[in-house]
Amino acid sequence: MKKQLAMTREPVAAARTLSEALPYLQRYAGAVVVVKFGGNAMGDADAMAEFARDIVLMRQVGVNPVVVHGGGPMINDLLAKLGIRSEFVRGKRVTDKATVEVVEMVLCGAVNKRIVQAINDQGGRAVGISGKDDDLMVCVADDPDLGFVGRPVEMNVQVLRDLYNAGIIPVVAPVATGVADNETFNVNGDTAAGAIAGALKADRLLLLTDVSGVKDESGAVVTQLSPDQVRDMTARGIIAGGMIPKTETALLALEQGVRAVVILDGRIPNACLLELFTDHGVGSLIRSTEPRIKPRGE
């Protein structure tokens, strides 16, 4: 009898969860959601498969996901094997000619195709491209100190619209073409995701990372911030290091028309689904001050 009750409770709970998700499923039907996937989870087969399932489910219920990925740990590994030293300035990788060749090899080859395959294995339809394809991202040098690190100055996102309107999930490697001399630029994954989200006027930009979100002076995650709060925390040095490019990306994306940005821990199981389809949310949501539809995350 106890076993029968347990078996009964499980499907009932699952049905209740689906029922409670209905308003959120309706809210995001047809929405464009740009997801930046990065961090050490990319190297874990189980985490990769779980992420892919979430993306396929999003597509199945009517969301138009666009995946932009990083690949820092994998780039670091290959650079170390090749004896190429890697340095960072203000959270961004210094990229010389030798490094940019490695970056392109890793991001456009191994990492991009691994994510595409994972999505396809879960029943989705994914196509991998880079910022070079169809001149999706055209860049200039971001900073002389960074070498071949690009800042997008021209976005041509129709190729992404064509893909998701055809039911295909685009997976984008953040390597781009330069304005002059057909140079190749490494683009910070968060920067690339923000530029793509801004050009698409995405409903959401989800920045998945290895930390739980933006933290205050005490180390507690701030679940909701305004742009002014982000600027103040950066000026006071509370937001620092690798979090700076993420929050800079968030502010620029909001200015370009993205409705909200969430910096969240990609190691949390089903992080994207929790953020979009429940009222719990995860991580730090950054948005302007317009009214919200749901308790934590409109």
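Start by selecting Asp190, which sits in helix 6, residues 189–200. Keep in mind that this is a predicted model. Is Asp190 buried or exposed? Asp190 has a relative accessible area of 3%, so it counts as buried, the cut-off being under 20%. Now show what surrounds it. Beyond its neighbours within four places in sequence, Asp190 is in contact with Lys36, Leu207, Pro245, Lys246 and Thr249.

**Zoom out**

Switch to a cartoon view of the whole protein. Nine helices and 14 strands appear. Colour by burial next. Of the 298 residues, 49% are buried. Then turn on contacts. Among contacts with a separation of 6 or more, 70% are between residues 24 or more positions apart. Add the surface. About 13,600 Å² is exposed, and carbon and sulfur atoms supply 53% of that area.

**Into the cores**

Hide the surface and look inside. In soluble globular proteins, nonpolar side chains tend to be buried together. The largest nonpolar core here has 43 residues. Which residues have the most contacts inside it? Select Val35, Met58, Ile119 and Leu206. Next, highlight helix 4, residues 97–121: it gives this core its largest share, nine residues.

Stay with Val35 and display its partners. Leaving out residues up to four places away in sequence, Val35 touches Phe51, Ile55, Met58, Val66, Val67, Val68, Leu206, Leu208 and Cys272. Two of these names, Met58 and Leu206, are also on the list of residues with the most contacts inside the core.

Another core lies apart from this one. It has 41 residues, and Ile129, Val157, Ala197 and Ile263 are among them.

**Salt bridges**

Now show charged side chains. How many salt bridges are there? The count is 13.

- Select Asp142 and Arg151. Their side chains form a salt bridge, 3.8 Å from N to O. Asp142 is partly exposed at 25% relative accessibility. Arg151 is partly exposed too, at 40%.
- Select Arg267 and Asp265. This salt bridge spans 2.9 Å, N to O. Arg267 is exposed, with a relative accessible area of 51%, whereas Asp265 is buried at 8%.
- Select Arg204 and Asp203. Their closest N and O atoms are 3.5 Å apart, in a salt bridge. Both Arg204 and Asp203 are buried.

For the last stop, keep Arg204 and Asp203 selected and add Arg27 and Arg259. Salt bridges with shared partners join these four residues into one network.

Definitions and conventions. Residues are numbered from 1 along each chain as its sequence is written. This is a predicted model: local features need pLDDT of at least 70, side-chain atom pairs count only at pLDDT 80 or more; totals for chains, interfaces and linings use all residues. Side-chain values use heavy atoms; hydrogens and water are left out. Helices (H or I, at least four residues) and strands (E, at least two) are DSSP runs, numbered from the N terminus. Buried means under 20% relative accessible area, exposed over 50%, partly exposed in between (1.4 Å probe, protein chains only). Contact means heavy atoms within 4.5 Å. Accessible areas come from the Shrake-Rupley method with a 1.4 Å probe; for residues, only the protein chains shown count as cover. A nonpolar core is a set of buried Ala, Val, Leu, Ile, Met, Phe, Trp, Tyr and Cys residues joined through side-chain atoms within 4.5 Å.
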